[in-house]
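Me: Please give me one close look at a single part of this structure. Start at the core, then show me what lies around it. Keep the sentences short.

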Amino acid sequence: MVDAWSEWGLLAITAKGQSDVEYSGRIVTDSLDIDTGDKDFDIINLLNGGRLEKPTPEAETVITFDAYFPDIGTSGSGILQLFHTTSSNWDTSQPLEITNSRNRDQFRIAILWTEDTSLTSATAQVPAGSAALRLVITDARLISAKMSFGDGILKTTVKFKVAPFSRTGTANIKWQSTDGTATLEALSSYS
Amino acid sequence: MKVEVIDEYRQKIINDGEDTITVYDLRGTPEEKQIVLNPGDEAVIYIKKPPEKKSKKKTEKSENREEVDINISV
């Protein structure tokens, strides 16, 4: 049994209809933040001294991390093409170029912590024998990619935001875990 | 990542980058299979299932069939 997850994890980003790309080799470990949306409620005071709960619908979840990207590639070495346009407009022939546009893509983000550190993809199967914890967020939007050279090194702060449900009510946030007694199956493609 | 089109059914995927890429054989079908490509790896994936080849073996019934002339008079 694992006491806590620390030091090592995987994070894959998938543009809708594309391959899963592993970004963990670019992300600063202690910058990863998962701001799960609150399921708050208000209180209505009743005349008899009682209280009535008025639920507030689940808020958006935001994932933030800092990363170091050397270019604007779409295979893990950059994020700006994902931010500025949709995958059908990605430039994959050197030299790469992208202009800002009004296009907005949807993304799946998978974050995996596991005892099996031989794995190289957050979307891969975790064989039985290793504990694991995985967060899968679908239909997220890349809402921010701010760059800073303030520390003398070019850093990008990336922010993904997801509504908890689709328009039709399908859940967009999924957590999975295994204590090692069962296999955690690989994720299906994101289309 | 480089993609070489082999034919209308198959693509060769080459991970020429420094990060792991995960692709899917027969993506979106019941037979979908995940393939993890570490840097330097390559794989041939089916993007759609090729049609099954029809057996050229004739059935016993068709081999034994005899040609018969039929004359119909009205």
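Reply: What follows starts with one strand, moves to the core and the chain contact, and ends with chain B and some backbone details.

Keep in mind that this is a predicted model.

The part to look at is strand S7 of chain A, which spans residues 107–114. How many of its eight residues are buried? Eight of the eight, so S7(A) is mostly covered. Its side chains point two ways. Phe107(A), Ile109(A), Ile111(A) and Trp113(A) point one way. Arg108(A), Ala110(A), Leu112(A) and Thr114(A) point the other way. Residues on both faces are buried. Note that Arg108(A) and Thr114(A) are on that list too.

Now the partners of this strand. S1(A) joins S7(A) through six bridges, and the two run antiparallel. To find the register, go to Thr14(A): it stands opposite Arg108(A) in S7(A). S8(A) is joined to S7(A) as well, by seven bridges. That pairing is also antiparallel. Here Ile109(A) is the residue to find, with Ile137(A) in S8(A) as its bridge partner.

Stay on Ile109(A). Which residues does it contact, once neighbours within four places in sequence are left aside? They are Ile13(A), Ile63(A), Ile137(A), Ala140(A) and Phe160(A). Ile137(A) thus appears twice, as a contact of Ile109(A) and as its bridge partner.

Step back to the core. The largest nonpolar core holds 40 residues. Within it, Ala12(A) and Ile109(A) touch the most other members. Several elements give two or more residues to this core. From chain A these are strand S1 (10–15), strand S6 (61–67), helix H1 (80–84), S7 (107–114), strand S8 (132–148) and strand S9 (155–162). Chain B adds strand S3 (21–25) and strand S4 (33–37). The core therefore draws on both chains. S7(A) gives the largest share, six residues.

Next, the place where the chains meet. The contact takes 19 residues from chain A and 15 residues from chain B. On the chain B side, S3 and S4 each supply at least two residues. S3(B) gives the largest share of that side, four residues. By type, the chain B side divides into six polar, five nonpolar and four charged residues. S3(B) and S4(B) are thus named for the core and for this contact.

Strand pairing crosses between the chains here. Strand S2 of chain A, residues 20–22, is joined to S3(B) by two bridges. These strands run antiparallel. Asp20(A) stands opposite Thr22(B) in S3(B).

Follow chain B further. It has five strands and one helix. From the N terminus, the order is β-β-β-β-β-α. Of its 74 residues, 16% are buried. Take its contacts with a separation of 6 or more: 30% of them join residues 24 or more positions apart.

Chain B also has an open sheet of three strands, in the order S1-S2-S5, with antiparallel pairing. Strand S1 (2–5) and strand S5 (42–46) are its edges, each pairing on one side only. Direction ignored, neighbouring strands are turned by 25 degrees against each other on average. Five bridges link strand S2(B), residues 10–14, with S5(B). Look for Arg10(B) there: it stands opposite Tyr46(B) in S5(B).

Finally, three backbone details. Why does Asp139(A) deserve a check? Its phi is near 60 degrees, a positive value in a residue other than glycine. Asp139(A) lies in strand S8 of chain A, the strand that pairs with S7(A). Asp139(A) has 17 other C-beta atoms within 10 Å, so it counts as partly exposed.

Leu26(B) also has a positive phi, about 50 degrees, although it is not a glycine. Leu26(B) sits in the loop between S3 and S4 of chain B. Is Leu26(B) buried or partly exposed? With 16 C-beta neighbours inside 10 Å, Leu26(B) is partly exposed, because being buried takes 20 or more.

The third detail is a cis peptide bond, from Gln94(A) to Pro95(A), with omega near -5 degrees. Pro95(A) is placed in the loop between H1 and S7 of chain A. That leads back to S7(A), where eight of eight residues are buried.

Technical notes: Residues are numbered from 1 along each chain as its sequence is written. Chains are lettered from A and ligands numbered from 1 in the order in which they are written. This is a predicted model: local features need pLDDT of at least 70, side-chain atom pairs count only at pLDDT 80 or more; totals for chains, interfaces and linings use all residues. A residue is buried if 20 or more other C-beta atoms lie within 10 Å of its own, exposed if 12 or fewer, and partly exposed in between; C-beta atoms are placed from the backbone. Two residues are in contact if their C-beta atoms, placed from the backbone, lie within 7 Å. A nonpolar core is a set of buried Ala, Val, Leu, Ile, Met, Phe, Trp, Tyr and Cys residues joined through C-beta atoms within 7 Å. Ala, Val, Leu, Ile, Met, Phe, Trp, Tyr, Cys and Pro count as nonpolar, Asp, Glu, Lys and Arg as charged, and the others, Gly among them, as polar. Two strands pair if DSSP finds at least two bridges between them. Axes are lines fitted to C-alpha atoms, for helices over the stretch in contact, and angles run from 0 to 180 degrees between N-to-C directions.
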